[in-house]
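This report looks at how pairs of helices pack against each other, and at the residues through which they meet.

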Amino acid sequence: MDVSNAETVTSDLAIHRPEILKILFRGSQLDLEAYDRLISRRLPTLDAYWRAQFGTSRKRPKFAGNGYQKLRKSSRVRKKGDGRPGVSASYLHQLPELTPEAMQTLLVDVSRLPKFSLERIHDPRPRELFRGPLLIVHEAPPAQTARIRAAVADQDVLFSESHYGYSANENPQGRLLVRYLALLLGSRPALWHALMVSGKFGFEREVIEKFAIDKIPVFPFDDFSAAERRKIERLFDDLAEENTEKAWGPVDDWVASLYGLRPRDLQVIADTLAYNLPFADNRKQAQTVPTAPQIKLFCSTLESELKPWAQRTGKDIQVLPVQLPLASPWGVVRVGHVPRSTAREAVQDWREIMRVADRLAATEIVLPDVATGCLWLARLNQARYWSTSQAKLAARRITWEQVDFLVGLGNR
Amino acid sequence: MKESRFHPREDQVAELTRGQSLPLAPLHEEHLKCIAAVLNRAWNDLMAERRATLLSGAEAELNSLMEIRLNALLETDALWAMLARNVARGKETISFDGSHLEKRPDLSIYLTDRSPSFPLVVECKLIDIRRRKTVELYCEDGLLRFVRGDYGWATREAFMLAYVRDNSTIVACLRPFLRERRMKQPDLYLTDALPESISGSDVHVARSSHNREFRYVGLSHGPGAIAIWHLWIASPTQ
């Protein structure tokens with residue numbers, strides 16, 4: 001049993017809230033609680049917001065969609081066409097075409113883009129889709145940034161099928177609207193939302209389908225005050241100048257506040273994206289041995305979470321890492337009152353306990369130790385079990401399952 | 001003849017309880033003490049800011065304020081946040097056999113360790129003899145719902161919260177009332193143990209125990225007794 005994936009989902013819950021299965025697959029109970037907080041805001045989705053702003057055509061939102069597709073072997077010959085596969089692309093000629101390098105910055109420098117010149121494409125795409133100001137979203141979030149890659153082009157730009165485009169040309173506030181949406185989609189909460197609800201991303205694919213992007217909640221742009229609009233300009237300009245994690249920090253905080261999320265939710269989101277994104281880098285990071293600072297942070301988080309219980313008994317509680325006398329795939333911490341002496345307490349049976357745990361494929365061992373008046377918590381020595389979120393979940397489990405130990409703290 | 005809309009619905013109960021072992025495991029007394037303390041704190045916080053409403057408002061107004069405040073406390077009270085996910089007012093639930101699909105306990109506390117299908121129920125009542133809000137009403141319209149299986153039928157404990165606007169106390173009013181009823185046959189409240197103060201609690205809270213005679217639909221057993229935690233909060237003299 002993997003302690004990070006051992007939630008109980010009742011059939012009643014699965015029927016009424018099927019999204020829970022994906023949320024708990026990629027996240028934890030803490031993610032579910034953050035998600036519930038977010039949806040309780042009842043914000044419109046990007047799709048609903050865009051439809052309300054720009055209308056629909058053939059039941060699809062106007063001025064939004066995938067980029068053009070190159071001619072391929074399967075391109076059909078149209079009955080009323082020119083007898084050749086695909087369609088002529090001449091109506092798109094001379095448009096600057098987006099390059100991967102241009103998507104590295106938040107504001108696309110159109111003057112440096114090559115002109116599009118392909119003779120034919122697979123299917124026609126509406127010319128209006130490529131009118132600036134444009135929000136362009138790459139379907140594959142880069143593993144190293146853990147963010148949806150979004151950019152803004154103020155002029156007309158052509159983009160390929162790997163991108164989703166949203167042209168705000170028809171909106172008088174279009175320039176600022178696409179800047180706002182680029183910040184929103186590039187934020188950590190947006191990628192986290194896609195990871196939580198997408199039926200494909202983080203399940204069978206490493207790209208985010210447009211459907212999942214369109215489901216991302218959007219705080220209505222029209223509801224922003226003048227001051228908030230100036231804030232959007234400022235945040236965007238900072239990022240356009242320097243697309244760094246440091247510059248994204250205030251954006252993450254701001255989007256989290258729009259979503260009604262708390263600072264501690266952002267920490268949960270950061271942990272989930274660090275260890276549970278479907279990319280090889282994340283999987284590798286999740287399995288590496290935790291560093292000393294990571295273990296220290298785990299201990300201090302667990303300690304502060306349990307502190308209110310200790311205060312009820314009038315004692316302090318301390319969580320300390322334990323040096324095991326043997327090489328082990330496990331890491332151990334001691335949870336208990338502050339020891340009066342410096343004499344080291346030790347559990348003699350570790351070898352046997354861990355042998356049993358390994359045989360059961362367990363990932364966590366919780367052992368209340370009456371003799372020493374403490375509780376030993378062992379977890380697999382992989383970074384994913386030593387995150388801040390995991391410390392909070394461990395504290396919660398101890399609170400529910402080891403309450404006699406917590407209450408008994410005062411007796412020692 | 002038209003069929004009554006109140007009839008057992010086995011499918012509803014089966015769907016809700018599939019995979020669950022009924023009744024659910026009891027909550028630890030220490031957790032319930034903490035929850036009682038938070039309910040009390042929410043009231044005290046409100047009293048500092050919403051005194052007028054608390055002293056004269058209708059029960060629904062008070063419940064609404066309590067719901068909002070209890071949810072707000074999740075942001076600041078680490079211990080509370082460890083125990084509860086959120087609190088909802090008037091959340092619909094079904095009765096033990098599905099006869100009633102729209103039962104609405106006053107407050108539902110969704111615990112972090114328990115399925116959201118089975119919140120801890122808090123039934124709230126005004127006690128104010130001048131407005132005929134008597135202890136009898138507290139029991140008839142409150143306590144009895146737990147005994148009959150309208151509320152909290154899958155769990156072994158629940159709260160009753162009294163907003164006391166006169167001098168009524170558990171010892172002087174509730175305990176004698178239940179004792180007297182227990183001597184009558186039949187005892188509607190099936191009192192197994194009269195309210196006793198909980199020792200070591202930060203607030204004035206008492207626990208009574210009541211048998212439940214209904215059987216779970218499709219099962220050969222019933223839920224057994226339910227522990228009712230009575231938290232009576234006295235309003236200060238107006």
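## Two helix packings

In this predicted model, the contact between helix 6 of chain A and helix 10 of chain A brings R188(A), P189(A), L191(A) and W192(A) of helix 6 together with I269(A), A270(A), T272(A) and L273(A) of helix 10. By class, the residues of this contact comprise six nonpolar, one polar and one charged. The two elements, residues 188-197 and residues 263-276 of chain A, pack at an angle of about 60°, and their axes lie 10 Å apart. That angle makes helix 6 of chain A oblique to helix 10 of chain A, and the crossing of these two helices is left-handed.

In chain B, helix 2 (residues 29-49) packs with helix 4 (residues 59-76) at an angle of about 110°, with 9 Å between their axes. Helix 2 of chain B and helix 4 of chain B are therefore roughly perpendicular to each other, and helix 2 of chain B passes helix 4 of chain B in a right-handed crossing. Here V38(B), A42(B), D45(B) and L46(B) from helix 2 of chain B meet L65(B), M66(B), R69(B), L70(B) and L73(B) from helix 4 of chain B. This contact of helix 2 with helix 4 in chain B has seven nonpolar and two charged residues, and no polar ones.

The geometry of both pairs is set out below.

| Helix pair | Angle | Axes apart |
|---|---|---|
| Helix 6 of chain A and helix 10 of chain A | Angle of about 60° | Axes 10 Å apart |
| Helix 2 of chain B and helix 4 of chain B | Angle of about 110° | Axes 9 Å apart |

Definitions and conventions
Residues numbered from 1 in each chain as written. Chains lettered and ligands numbered in written order. Predicted model: local features only at pLDDT ≥ 70, side-chain atom pairs only at ≥ 80, totals over all residues. Axes fitted to C-alpha atoms, helices over the stretch in contact; angles between N-to-C directions. Helix = DSSP H or I, 4+ residues; strand = E, 2+ residues; numbered from the N terminus. Parallel < 35°, antiparallel > 145°, perpendicular 65-115°, else oblique. Left-handed = near helix turned anticlockwise from the far one by under 90°. Contact = placed C-beta atoms within 7 Å. Nonpolar A, V, L, I, M, F, W, Y, C, P; charged D, E, K, R; others polar.
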